[in-house]
Amino acid sequence: MKTVIVVGNGMVGYKFCEKFVAKTDREAFKLIVFGEEPREAYDRVHLSAFFENGDAKRLSLAPREWYEENGIELLTNERVTDIHRNSKTITTLSEKTLAYDYLILATGSAPFVPPVQGVDKDGVFVYRTIEDLEHTLAYAEQIKKTTRSPKAAILGGGLLGLEAAKAVKDMGMEPHVVEFAPKLMPRQLDARSSKVLQVKLESMGINIHLSKATNQILGNGKITGMEFGEDDVLDVDMLVISAGIRPRDELGKSCGLKMGTRGGVVVDNTMRTSDPYIFAIGEVALYNQMIYGLVAPGYEMANVAVGQIIGDVETHMAADIDMSTKLKLIGVDVASFGIPFMPPEKGHSIIFENKTESLYKRINVSHDGQKLLGGILIGDATDYNMLLQMYLNEMPLPKNPEDLILGSRGGEDVSFGSAMDLPDTAVVCSCEAVTKGQICCSVKDDGNETVKAITKATKATTGCGGCKPMVEDLVRETLKSLGKVVKTSICEHFAYSRQELYDIVKLKGIQNFDELLDNHGTGHGCEVCKPLGASIFASIYNETANRQETIQDSNDRYLANIQRNGTYSVVPRVAAGEITPKQLMDIGRIAQKYDLYTKITGGQRIDMFGAKLHELPLIWEELIAEGFETGQAYGKSLRTVKSCVGSAWCRYGMDESVSFAIEIEDRYKGIRSPHKLKGGVSGCIRECAEARGKDFGFIAVEGGWNVYICGNGGANPKHAVLLAEKVDKETAMIYIDRFLMFYIQTAPPLTRTAAWLDKLGGGITYVQDVVINDSLGIADELDRGMQVLVDSYQCEWKEAVENPEIRARYTHFVNSEEEDETVEFVSLREQKMPTPWV
């Protein structure tokens with residue numbers, strides 16, 4: 001039996017173990033793993049999630065039992081101090097000595113701490129391990145007890161630095177990102193995309209300081225500030241250093257392995273070091289004169305090392321490593337692939353930028369327009385997977401390459417082909433090196449007909465998860481190619497899609513969920529089908545959420561959004577954002593009476609936070625008495641119709657946008673749909689209401705209104721597309737009536753209009769044919785359906801307040817009238833917020 005010792009139990013060390021036990025006979029090798037940290041391997045890529053839930057176990061890659069079951073001896077909290085190459089042994093800090101046949105260095109990297117005076121003061125932390133995060137959290141809690149509006153700086157504006165900024169913000173501290181370079185993420189982004197990201201982050205309350213060289217850290221024993229130069233000081237109460245990494249190569253250096261000039265253990269394409277019995281993988285390995293800080297190259301290095309040890313000598317590391325990456329930074333999509341910065345001599349760039357929506361898309365193409373060479377995406381990385389595949393597989397570009405980032409403006413087809421058009425060798429999951437061919441064969445030959453089954457069989461989607469949409473497409477299209485019906489059943493209790501259930505309820509006149517379940521389902525229902533059923537009943541009959549409260553989501557059940565401490569927010573409707581001074585004072589009086597935190601939203605409304613459950617009817621009652629009604633901020637329904645002031649006040653206004661927006665909002669209020677709906681009305685092409693970032697929007701132009709549909713902001717922003725141009729107001733409303741009814745009847749559950757249009761055969765051209773040209777002959781039916789919903793509207797708050805049976809639901813305890821005394825708040829800028837989680 002040969003002994004393999006792995007030094008380091010991070011993500012790459014764990015991946016080595018996982019691949020090793022999958023490919024070897026347990027009787028042939030003994031595997032021993034040393035981990036310096038006190039816990040098993042965990043997911044550092046999603047380290048910031050620890051701040052959200054404080055649960056380290058959720059980050060765990062495998063429990064200790066997994067190591068035992070696979071015959072792996074795991075020694076945590078044990079540091080290897082020396083390698084004795086002549087005797088092929090290692091020594092630990094606790095003076096253990098073990099012999100090896102093969103040694104794997106997977107020691108990873110350590111945070112780079114700049115040699116700045118004062119870096120050893122209290123309140124200065126690094127951002128690398130769970131223990132680092134625990135110490136940071138504990139210090140932040142101390143600071144908040146003694147300091148009003150505490151500030152924290154993050155030294156470094158790269159990937160980890162921006163994640164740390166989000167973590168600091170979640171701690172309830174004011175974040176300040178300090179970056180030496182003149183732009184954020186200098187290794188991944190160009191100047192323009194970095195500026196777009198900067199503006200977006202600043203709008204979220206993250207302060208950015210660029211071109212700052214820190215001279216010293218101020219404070220007597222503990223940090224009080226950072227000095228950048230004479231009279232250039234930033235006062236802060238805490239500092240998190242995230243200024244890059246340095247390989248943990250001290251073991252390799254001390255035992256005489258060949259080292260890089262700037263660090264790292266030199267390896268060849270087999271992952272061997274200068275000692276043939278010692279391999280280095282992950283961030284400690286210097287390959288091609290580079291340290292690769294992404295997880296995918298580290299996983300491939302682990303696979304190569306495993307292959308070499310078990311005798312698969314043909315397994316080699318590729319000469320060129322793809323450094324493409326996609327991630328969500330503080331809720332903002334950021335992606336780069338191929339060559340993000342294009343020298344003019346190699347090709348040219350096509351750039352789309354929308355500052356109002358914080359969108360930036362750049363693709364770099366060859367001079368002949370035939371090849372995609374790379375690109376950058378900020379704000380919307382929906383198309384990243386297909387763009388990456390086009391780059392990696394040198395797929396031909398469309399006639400107009402700009403369609404790749406602007407969409408096919410004719411609407412006849414999409415710019416991308418199907419995922420099935422990719423070659424079988426295309427790597428779909430770069431983290432686990434799973435190809436399109438492997439996924440399709442797993443479906444065809446092994447009977448793995450769900451994404452869950454594919455994940456279990458191939459490990460695809462288990463890394464960063466960015467490949468999941470493409471895996472879903474491949475599974476669906478492969479099943480179709482086999483002639484199998486691809487059912488989109490909503491759950492185990494109903495063998496129907498949402499559209500099929502919608503038709504069943506409508507055609508058979510089913511009035512409640514129990515009747516639907518008894519006649520067309522099985523079992524008792526679940527958290528998936530119950531809210532979906534509630535949505536269908538509301539979409540057909542416009543019944544309020546009060547009628548069948550037991551099948552509603554939590555928010556719909558109590559007609560308010562539940563917050564993280566168990567209190568609720570109250571959002572009255574303020575149509576088009578127009579509000580009188582008296583109404584402002586009424587809201588202020590009510591908010592003050594019930595001690596509510598207030599904030600103006602991006603949708604031109606006023607949110608009131610911190611209401612206890614029993615207070616909700618009392619607050620609604622007072623709001624209704626002042627002329628307000630529910631804003632349905634809790635429902636999958638119309639939220640807002642945003643407007644600019646239009647021609648009533650603005651000298652550029654082409655039409656009266658506020659009146660139109662109020663009319664639209666009053667028309668569609670209360671209508672339930674597969675997902676939330678937002679609208680916008682802009683009085684001119686300056687687009688101050690951001691109508692093209694909404695599910696439906698109107699922009700005044702010479703000759704009438706341009707009508708747009710299927711846009712949205714949020715996590716995956718999409719530009720709305722033109723449905724009709726230069727139509728009068730009445731025609732514009734008819735078109736949106738039909739569009740909304742068509743969407744409500746045909747969209748899958750929890751699908752925004754943009755995603756619905758993306759999956760709709762024929763795209764915008766098909767919608768235009770249905771809505772404008774009545775190609776299906778259903779225009780009259782759609783018109784009637786909308787009018788029924790409009791005519792049957794009622795305010796859910798008013799219904800709850802006036803009906804004693806419904807009002808009685810608003811108690812914290814079913815058997816007592818007592819209040820919930822466990823709810824706690826802390827002060828926040830003359831208001832309050834929930835006590836932070838610890």
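**A walk through two sheets, a helix pair and a pocket**

Visitor: Hello! In which order do the five strands of the antiparallel open sheet stand?
Guide: Welcome! The model here is a predicted one. β21 (325-329) and β23 (347-354) are the edge strands, each pairing on one side only. From one strand to the next the twist averages 10°. Pairing in this open sheet is antiparallel, and its five strands follow the order β21-β22-β25-β24-β23.

Visitor: Which residue in β25 is the bridge partner of Y360?
Guide: Strand β24 (residues 359-366) and strand β25 (residues 372-378) run antiparallel and are joined by six bridges. Y360 has its bridge partner in β25, and that residue is I378.

Visitor: Why is one side of β3 and of β19 left without a neighbour in the parallel sheet?
Guide: This open sheet has five strands in the order β3-β2-β1-β7-β19, paired in parallel. β3 (72-76) and β19 (278-280) stand at its edges. One side of each is left without a neighbour in the sheet because each has a single partner strand.

Visitor: Which residue in β19 stands opposite I104?
Guide: Strand β7 (residues 102-105) pairs with β19 in the parallel sense, over three bridges. Opposite I104, in β19, stands F279.

Visitor: What angle does the direction of helix α8 make with that of β19?
Guide: Two helices that pack on this sheet are worth a look. Helix α1 (residues 11-23) touches β1 (2-7), β2 (29-35), β3 and β7, and its direction makes about 165° with that of β2. Helix α8 (residues 295-310) packs on the sheet too, touching β1, β2, β7 and β19. The direction of α8 makes an angle with that of β19 of about 160°.

Visitor: How many residues of the contact of α21 with α23 are nonpolar?
Guide: The axes of helix α21 (residues 729-746) and helix α23 (residues 763-771) come within 10 Å and cross at roughly 115°, in a right-handed crossing. Y735, R738, F739 and F742 of α21 make the contact with Y766, V770 and V771 of α23. One residue of this contact is charged, none is polar, and the nonpolar ones number six.

Visitor: Which helix gives the most to the lining of the second largest pocket?
Guide: That pocket holds about 280 Å³ of space. It is lined by 16 residues, the closest to its centre being P531, L532, S535, D553 and L750. The lining divides into seven nonpolar, three polar and six charged residues. The most, four residues, comes from residues 529-541, helix α16.

Methods. Residues are numbered from 1 along each chain as its sequence is written. This is a predicted model: local features need pLDDT of at least 70, side-chain atom pairs count only at pLDDT 80 or more; totals for chains, interfaces and linings use all residues. Side-chain values use heavy atoms; hydrogens and water are left out. On a 1 Å grid over the protein atoms alone, a cavity is a set of points where a 1.4 Å probe fits but cannot get out, and a pocket is an open set with protein on both sides within 12 Å along at least five of seven lines; lining residues have an atom within 4 Å of a point. Grid points are joined across faces, edges and corners, and a volume is the space filled by probe spheres set on the points. Ala, Val, Leu, Ile, Met, Phe, Trp, Tyr, Cys and Pro count as nonpolar, Asp, Glu, Lys and Arg as charged, and the others, Gly among them, as polar. Axes are lines fitted to C-alpha atoms, for helices over the stretch in contact, and angles run from 0 to 180 degrees between N-to-C directions. A crossing is left-handed if the near helix is turned anticlockwise from the far one by less than a right angle, and right-handed if clockwise. Contact means heavy atoms within 4.5 Å. Two strands pair if DSSP finds at least two bridges between them.
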